[in-house]
Every structure is written in C-alpha cells, then in structure tokens.
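Me: Hey, I've got a protein open on my screen and I'm a bit lost. Can you walk me through it?
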Amino acid sequence: MPRLNATARHLVRFTLNGRPVQGEAEPRLLLTDFLRHVLGATGTHVGCEHGVCGACTVQVDGVPARGCLTLAVQVEGCEIRTVEGLAPEPARLSVLQDAFRRHHALQCGFCTAGMLMSLDAFLRDQPRPTEAALRDMLSGHLCRCTGYAPILAAALDAAERLAEGPPDA
Ligand code: FES
Ligand code: FES
C-alpha cells in the first residue's frame, strides 16, 4: 500500500454487495465506521472494537474479516459483502437467514450479522461440516443472549438444506 498522509482524507472505492461505492476516509478510519457512518450501511455492528466479539465481521473478497481490525483504505478495490447483501431478494431470506429465523437463533440480534457473515463463508467452503467444526467456528463469535444452542441448530439445519438443494440465487 502506498504511504498515506496520516491526517488527509483519501478517496476509497470498493464494491459493497455488488454495487460500486466510494467515500473519503482518513487512513485511521476503521472499515466498520466507514460502512456505518460514511456509507450508512448500519447492518454491520460494532461491539468490542478490538477483534474479539466478531459482531463486526464482513466478507472481504469472500473471506470473513473483522471490520474493526480493518482500515477503510485497505479495502480499496475489494469486494465487500455485508449482512445487507445476504438476502437473494428484498422479500426472501437466504437459507441461512431463514434457518436463524426458524430456530430462534437470535434474541437482541447484536451478534447476528457477524455470525451470518462468518457462517455464510464457512458453509460455502465446507458444505457438509461436522457439528464439532461448526462449534469451533462459532467459538470466534460472542453471543450474550442465546446460549448458542439455537445458533448451532440453525447452522446445522442450513448446512443440510444447502447441501440438498440449489444454493441461494
Ligand atoms: S467489534 Fe470487531 S471483533 Fe468485536
Ligand atoms: S442475540 Fe444478543 S448477543 Fe447474540
């Protein structure tokens, strides 16, 4: 990455959920703050702000990443996917989102966007995960409400449904 002036604002351009976006950011601005405050994409949540809770997880070029550990200027030219991009249509949830709904896998919902973004990528890479693998993956996300059992049930259900049928269009 070229050397950046620490206080100057820089133009940052990337693709957000398939649409080109741009805005200005100081080099220190976090991706989460850029998404929420510059672009108004508030689906991505901010919890601990130091990489522990997973609430801020987005996908950068298809790979889950902590938005609170990523600078906005680092994603210049990347493809960013957030929870707003999961549903295949405005009135239709993705298979994973629908499994969360049916299994009541959220209460306050604060952790949910990050969980969904990690699970979406995980199930793409590992279509038939073991329960142990899912538990291990979910250990990277903190939920203070659910006790995790319904989240695990939703993840297993979604994995089964995705393995059986066509993926989300
Ligand atoms: S807000 Fe990023 S990991 Fe907690
Ligand atoms: S549903 Fe409240 S923190 Fe997870």
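Reply: Sure. One term before we start: domain bounds here come from an automatic or database domain assignment. Also keep in mind that this is a predicted model.

Me: Okay, so which domains does the assignment give?
Reply: The assignment gives domain 1, residues 10-85, and domain 2, residues 95-163.

Me: How far apart do their C-alpha centres lie?
Reply: The C-alpha centres of domain 1 and domain 2 lie 21 Å apart. As for the contact between them, domain 1 puts in 17 residues and domain 2 puts in 11 residues.

Me: Which elements of domain 1 give two or more residues to the side that touches domain 2?
Reply: Those are strand 3 (57-60) and strand 4 (63-66). Strand 3 gives the most, with three residues.

Me: And how do the residues on that side divide into nonpolar, polar and charged?
Reply: On the side of domain 1 that touches domain 2, eight are nonpolar, nine are polar and no residues are charged.

Me: Switching topic. How many helices and strands are there in the protein?
Reply: You'll find five helices and five strands. Going along the sequence, the pattern reads β-β-α-β-β-β-α-α-α-α.

Me: What about the inside? How many residues has the largest nonpolar core?
Reply: That core has 44 residues, and A72, L96, L116 and A158 have the most contacts inside it. The elements giving two or more residues to it are strand 1 (10-16), helix 1 (31-38), helix 2 (95-102), helix 3 (112-125) and helix 5 (149-164).

Me: Which helix gives the most to this core?
Reply: Helix 3 does, with seven residues. The core also draws at least three residues from each of domain 1 and domain 2.

Me: You mentioned A72. Which residues is A72 in contact with, leaving aside neighbours within four places in sequence?
Reply: With that filter on, A72 is in contact with V12, A25, L29, L30, L31 and F34.

Me: Nice. And how much of the protein counts as buried?
Reply: Of the 169 residues, 37% count as buried. Looking at contacts with a separation of 6 or more, 58% are between residues 24 or more positions apart.

Me: Last one: what does the C-alpha trace span, and how does the radius of gyration fit a compact globule?
Reply: Along its principal axes the trace spans about 50 × 30 × 25 Å. A compact globule with 169 residues would have a radius of gyration near 15 Å, and the protein has 16 Å, so the two agree.

Key
Residues are numbered from 1 along each chain as its sequence is written. Chains are lettered from A and ligands numbered from 1 in the order in which they are written. This is a predicted model: local features need pLDDT of at least 70, side-chain atom pairs count only at pLDDT 80 or more; totals for chains, interfaces and linings use all residues. A nonpolar core is a set of buried Ala, Val, Leu, Ile, Met, Phe, Trp, Tyr and Cys residues joined through C-beta atoms within 7 Å. A residue is buried if 20 or more other C-beta atoms lie within 10 Å of its own, exposed if 12 or fewer, and partly exposed in between; C-beta atoms are placed from the backbone. Helices (H or I, at least four residues) and strands (E, at least two) are DSSP runs, numbered from the N terminus. Two residues are in contact if their C-beta atoms, placed from the backbone, lie within 7 Å. The radius of gyration is taken over C-alpha atoms; the globule rule is 2.2 Å times the number of residues to the power 0.38. Ala, Val, Leu, Ile, Met, Phe, Trp, Tyr, Cys and Pro count as nonpolar, Asp, Glu, Lys and Arg as charged, and the others, Gly among them, as polar.
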